[in-house]
Protein chains: 2
Amino acid sequence: MSEPKPRPDPSGPTSRRSFLRTGLALGGAVGAGVGTGAFAGRAAAAAPEAKNLPPNVPEWSQSLGDGVVSRPYGRPSKFEADVIRRDVEWLTASRQSSVSFTPLHQLEGIITPNGLGFERHHGGIAEIDPAEHRLMIHGLVEKPLMLTLEDIKRFPRVNRIAFLECAANSGMEWKGAQLNGCQFTHGMIHCVMYTGVPLKRLLEEAGLKTNAKWLLPEGADAAAMTRSVPIEKALDDAIVAYAMNGEALYPEHGYPLRLVLPGWQGNMWVKWLRRIKVGDEPWHTREETSKYTALMPDGQARRFTWAMDAKSVITNPSPQAPIHGKGFTVLSGLAWSGRGAIKGVDVSLDGGRNWRAARLDGPVLDKALTRFYYEFDWNGEPLLLQSRARDETGYVQPTKAALRQHRGLNSIYHNNGIQTWHVLPSGEIENVEVA
Amino acid sequence: MSEPKPRPDPSGPTSRRSFLRTGLALGGAVGAGVGTGAFAGRAAAAAPEAKNLPPNVPEWSQSLGDGVVSRPYGRPSKFEADVIRRDVEWLTASRQSSVSFTPLHQLEGIITPNGLGFERHHGGIAEIDPAEHRLMIHGLVEKPLMLTLEDIKRFPRVNRIAFLECAANSGMEWKGAQLNGCQFTHGMIHCVMYTGVPLKRLLEEAGLKTNAKWLLPEGADAAAMTRSVPIEKALDDAIVAYAMNGEALYPEHGYPLRLVLPGWQGNMWVKWLRRIKVGDEPWHTREETSKYTALMPDGQARRFTWAMDAKSVITNPSPQAPIHGKGFTVLSGLAWSGRGAIKGVDVSLDGGRNWRAARLDGPVLDKALTRFYYEFDWNGEPLLLQSRARDETGYVQPTKAALRQHRGLNSIYHNNGIQTWHVLPSGEIENVEVA
């Protein structure tokens, strides 16, 4: 690898000057790369001479591969078998009321593949026959409805990319650095394109009575998940969705119907949606009283904490994705806000003493994951990596210390504090907290 | 179902007035819906009384389902088993040099799930070990490069949603209405978010010599696919991509590396990319001489027809997705242009005599699929459905007749003519041509 070099000017985007240094670093990396692999010897010899021949002919270039529709529905390469959702066995008593985490450290861009989107179930995965499924809308309405999937698909459709975050995401970290990897500290989130009918259209169809103020969506799973949703959100941007990333919802995500409440805590996005009751006051269900509330220092409980505050995490490098050698390094991460679009992300390499503006790349959308990058030349010194999100409301992601000072030590939900990764000279990375 | 009604004013978006008629139509549809399904009887009884109980308790609500990570990498519901890529057996002699088609009629939004993106192979699917794979850049460069995947991931990354269309998409239709379904007439296209390094960065790293004018990308598959790419495109928006929709490319899409040339014909997006030679003139390979050229009426051949012209197709209703009954109907489709963003889409219900503006919904991005809708109240009369795309350059999608007049009858590639679906009173739909 290349020799240690002074860190490039971090104030701006990668400059031609720093990029050329990148080149040198890669020159070294190429040497190292060619030093490994089956045909490295000949490759190393071939490249400098720039022969008009491939460096060698590997097996897969010598024989025909499988034909089309050998996999009518495709799947990843066998070499990507470790890119999966994972759970934490000690976290819950049963996998039927538990969570699995999105492998954020192994993903790029802002779209989460459906097969890798985190799961949170309270009664296991309901396997619903869509032909037998109905959505009932009743209560304070003029005309109760019993809708089939086909009925619902006759309403005008909308498409929206939105993140879905569990209110308990990063919850373990309230008590300090607990879990060693962003998959586990921040992986209760995903971002996809949903397609469905605006809930407003269905409620107009049923005809809301003048005293209609709250909704009670209910799931068809064994837990019959219920939450109280204020009518204002239902009439704003709520969607009854049947597709994500173009195809039908997967069973673990609520097939055939789920509620989508952009920017709000995932527990309210009722899966396997079978019923919406319209009422005039909240129902104070289990999921909004004994759960999904926060006991404050004064003994009072915060409740109805619906919107997810601005948050970010560095996905690479991170404990599950260490740095392999000095030189030019791509720092990458995700930022999001339940209150609007991300305005900017700042990155620190020294535990929050100095901040530099990250580069946002790809679509920057309202209430969606936003990808950020910060490229730098690592000289092998220890680093304390942090990211800090800012949203269009002016809100700035707080430190964990500031959150604890305000909320006390009894919280489980809504930890959007700044995360710190400690990079060791070896390139290995630890989950730590800085005073 | 509802009685036939006069068609709503088609000039604008769905009005409150027409939506209320929708309501009536759905009222009818609800009756029909409740008339089917296991618990329909009780459901029909329960709904009007608006009991605060679900209409019944199906099996999946009575027992716990599978737990988290029962599928560490998820897959669709067993009830979606018919949502797959399909091929046409008579089209090619071997499935190892053939095509499978995206099920456009079963998809929503603009993102294609990786497992459903169409395939076109010339030597089957190369199953490449990424640790053994290299990308060589040589020829008219100052410093030939031999890059590992790890090297490539040390370059700054970009994320971009782009459509990929085979130049032969709709090619069978040149000779008239041949294939009965948009999966087969238009399914050689998909749209995903790619992540990778701009090719410009890699060429800067190698250092282009002053006479560098063309590139020859080569695949590592048994066909060793090669195409000549002008340096202007390589330095503009070309990407060497390793991820689509957030995860590694699937093997059938070029794992671990493919070339991305936004807006240009798919044959040039070399998969399993192993080598890029830099030269001063095109190589006139098989894929740009005997193939992917067009014999014009005067005996001359059109070649280097890189950009895909503006095009659209109605995906629903369509031959594989008939209309189930009269009443409010959602017409949905996709539009795209290789020359920029879609400016608008017009829809005709009468074979092109009258046109109405469709509603675009979801992101409208440069060189990406764009979703359009036109909602109307179907009274059971026969229809001739057409869509016509317009892009930001002012280009308007032509009729097939106009294309044939200009290109003659020897063409296979670049058929972007207006497609016609004939809706029968039964709701069934045929692929037809109108004079």
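What follows is a chat about cysteines, backbone geometry and one sheet in this predicted model.

Student: Before we dig in, what are the ground rules here?
Tutor: This is a predicted model, where local features need pLDDT of at least 70, side-chain atom pairs count only at pLDDT 80 or more, and totals for chains, interfaces and linings use all residues. Residues are numbered from 1 along each chain as its sequence is written, chains are lettered from A and ligands numbered from 1 in the order in which they are written, and side-chain values use heavy atoms, with hydrogens and water left out.

Student: OK, how many disulfides over all chains?
Tutor: Zero, taking a disulfide as a pair of cysteine sulfur atoms within 2.5 Å.

Student: Why is there no bond for C166(A)?
Tutor: Because the closest cysteine sulfur, in C191(A), is 16 Å from the sulfur of C166(A), which is too far.

Student: And C182(A), what's the nearest cysteine sulfur there?
Tutor: That of C191(A), 16 Å away, and C182(A) is in no disulfide.

Student: Is C182(A) buried or exposed?
Tutor: Buried, at 0% relative accessibility. The cut-offs are under 20% relative accessible area for buried, over 50% for exposed and partly exposed in between, with a 1.4 Å probe and protein chains only. C166(A) counts as buried too, at 4%.

Student: Switching to backbone. Which peptide bond in chain A is cis?
Tutor: One is from N316(A) to P317(A), with omega near -5 degrees. P317(A) sits in the loop between β15 (311-316) and β16 (327-336) of chain A. Strands here are DSSP runs of E, at least two residues, numbered from the N terminus.

Student: What about Y255(B) to P256(B)?
Tutor: Also cis, with omega near 5 degrees. Look for P256(B) in the loop between β10 (247-248) and β11 (258-260) of chain B.

Student: What's the phi of W272(A)?
Tutor: Near 50 degrees, a positive value in a residue other than glycine. W272(A) is in the loop between β11 (258-260) and β12 (273-279) of chain A, and is buried at 2% relative accessible area.

Student: And A224(A), where does that lie?
Tutor: In the loop between β7 (214-219) and β8 (229-230) of chain A. Phi of A224(A) is near 45 degrees, and at 31% relative accessibility the residue counts as partly exposed.

Student: Last topic: what's the strand order in the open sheet of chain B?
Tutor: β18-β17-β21-β22-β23, five strands with antiparallel pairing. Two strands pair if DSSP finds at least two bridges between them.

Student: Which strands stand at the edges?
Tutor: β18 (356-357) and β23 (429-432) of chain B; each has a single partner strand, so one side of each is left without a neighbour in the sheet.

Student: How many bridges join β22 to β23(B)?
Tutor: Four, with β22 covering residues 420-423. Among them, T420(B) has V432(B) as its bridge partner.
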